[in-house]
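Colleague: I would like to go through this model with you, one question at a time. Please give your reasoning before each answer.

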Amino acid sequence: MRVGVYPGTFDPITLGHMDIIRRGAKLVDKLVIGVATNPSKSPMFTLEERVAQVRRETAEVADGTVEVVPFDALLMKFAEVQGASVIVRGLRAVADFEYEYQMAGMNQQLNADIETIFLMADVALQPIASRLVKEIAIYGGDIRKFVPPVVADEVVARVAAGQ
C-alpha cells in the first residue's frame, strides 16, 4: 500500500489545501494529513480545533482513504511512523518552491526512502494562504471565497471573540 503524508498547520484549512488533498489522495492508496504544531507560528485555532476542522472538511474526500492525524515531531519521523513513502507538498509561487526545495533536500538527507512530490495549486487558488485569510478576517474582509463555509464562520467568530 502506498501511503502519502500531507503535512501542514492548517490554521485554518483553505480551499487551496482542499485542492491539494483531493488531488494528492488520487496519487496514493492512503493519504495521511498531518496537522502539525509549529512553535514558530501563533495559531488562531488549537491543535485539537484544527484537527477537527480538517477531519470535518475531508470526511467526503477520496472515499475514506484520507486520515487526519495530529503530530508534534520531525516530519520524517512522523512519515516513518505512518509508513509513508511519499510526502505531498503544495506549491503556490516561486517563493514556495525555494523554501520547499530546501526542505525536500534536508528531508532526503534524513530519509532517502521517502520521496517528496510537489503539486501546483489550482491557478484560481494559488494566492490563498492561511496567514492572509486570517489577516483579511481581522480587518473585516470577506473570506468565504478562500475557505470552506463552516471554516469561514469559525474564523469570523474567533476574530469577533478577540482571537
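Modeller: Let us start with S130, which has its place in helix α5, residues 130-138. Keep in mind that this is a predicted model.

Colleague: Is S130 buried or exposed?

Modeller: A residue counts as buried when its relative accessible area is under 20%. S130 has a relative accessibility of 15%, so S130 counts as buried.

Colleague: Which backbone atom does the side chain of S130 reach?

Modeller: Leaving out residues up to four places away in sequence, S130 touches D11, P12, T14 and H17. With P12 there is a polar contact, for which N or O atoms must lie within 3.5 Å. The side chain of S130 comes to 2.7 Å from the partner atom, which is the backbone oxygen of P12.

Colleague: H17 was in that list. Where is H17 found, and is H17 buried or exposed?

Modeller: H17 is found in helix α1, which covers residues 15-25. The limit for buried is under 20% relative accessible area. H17 has 17%, so H17 is buried.

Colleague: Which residues does H17 touch, not counting residues up to four places away in sequence?

Modeller: One polar link of H17 goes to T14, where the side chain of H17 reaches the backbone nitrogen at 2.9 Å. T14 is not in the list you ask for, as that list leaves out residues up to four places away. The residues in the list are Y6, F10, P12 and S130.

Colleague: Y6 and F10 both have rings. What kind of pair do the rings of Y6 and F10 make?

Modeller: A search of the whole structure finds four aromatic pairs. In the pair of Y6 and F10, the ring centres are 5.4 Å apart and the planes stand at 75 degrees. Planes over 60 degrees apart count as edge-to-face. The pair of Y6 and F10 is therefore edge-to-face.

Colleague: Which residues form one aromatic cluster?

Modeller: Y6 and F10 are both buried. The cluster you ask about is made up of F97, Y101 and F118.

Colleague: Next, the strands. In which sense do β1 and β2 pair?

Modeller: Strand β2, residues 30-36, is mostly covered, with six of its seven residues buried. Within the pairing, P7 stands opposite G34 in β2. Strand β1, residues 3-8, pairs with β2 over six bridges, and the sense is parallel.

Colleague: Where does K41 lie, and what is its relative accessible area?

Modeller: K41 lies in the loop between β2 and α2. The C-alpha atoms of K41 and D11 are 9.7 Å apart, with these positions 30 residues apart along the chain. K41 is partly exposed, at a relative accessible area of 48%.

Colleague: Now helix α4. What length should α4 span, and what is the distance between its end C-alpha atoms?

Modeller: Helix α4 has 17 residues, 94-110, and each adds 1.5 Å. The expected span uses one less than the number of residues. That gives 24 Å, and the distance between the end C-alpha atoms agrees, at 24 Å.

Colleague: Why do the buried residues of α4 line one face of the helix?

Modeller: In α4, D96, E100, A104 and N107 are buried. An α-helix has 3.6 residues a turn, so residues three or four places apart point the same way. On the other side of α4, residues including V94, Y101 and Q109 are exposed. Seen down the axis of α4, the buried residues fall within an arc of 65 degrees, so they line one face.

Colleague: Take N107 from that face. Which residues is N107 in contact with, leaving aside neighbours within four places in sequence?

Modeller: N107 is buried, at a relative accessible area of 8%. The buried residues of α4 pack against α3 (75-82), β4 (86-91) and β5 (115-120). For N107 itself, the contacts are L75 and M76.

Colleague: Last, helix α6. Within what arc do the buried residues of α6 fall?

Modeller: The buried residues in α6 are V151, A152, V155 and R158. Seen down the axis of α6, they line one face of the helix, because they fall within an arc of 130 degrees.

Colleague: Which elements do the buried residues of α6 pack against?

Modeller: On the other side of α6, P149 and A160 are exposed. The buried residues of α6 pack against α2 (47-58) and α5.

Notes:
Residues numbered from 1 in each chain as written. Predicted model: local features only at pLDDT ≥ 70, side-chain atom pairs only at ≥ 80, totals over all residues. Heavy atoms only, no water. Phe/Tyr/Trp six-rings, centres within 6.5 Å; stacked < 30°, edge-to-face > 60°. Buried < 20%, exposed > 50% of the residue type's maximum accessible area, 1.4 Å probe, protein only. Helix = DSSP H or I, 4+ residues; strand = E, 2+ residues; numbered from the N terminus. Polar contact = N/O pair within 3.5 Å; in protein donor to acceptor, adjacent residues only side chain to side chain. Contact = heavy atoms within 4.5 Å. Arc of directions from axis to C-beta. Pairing = 2+ DSSP bridges.
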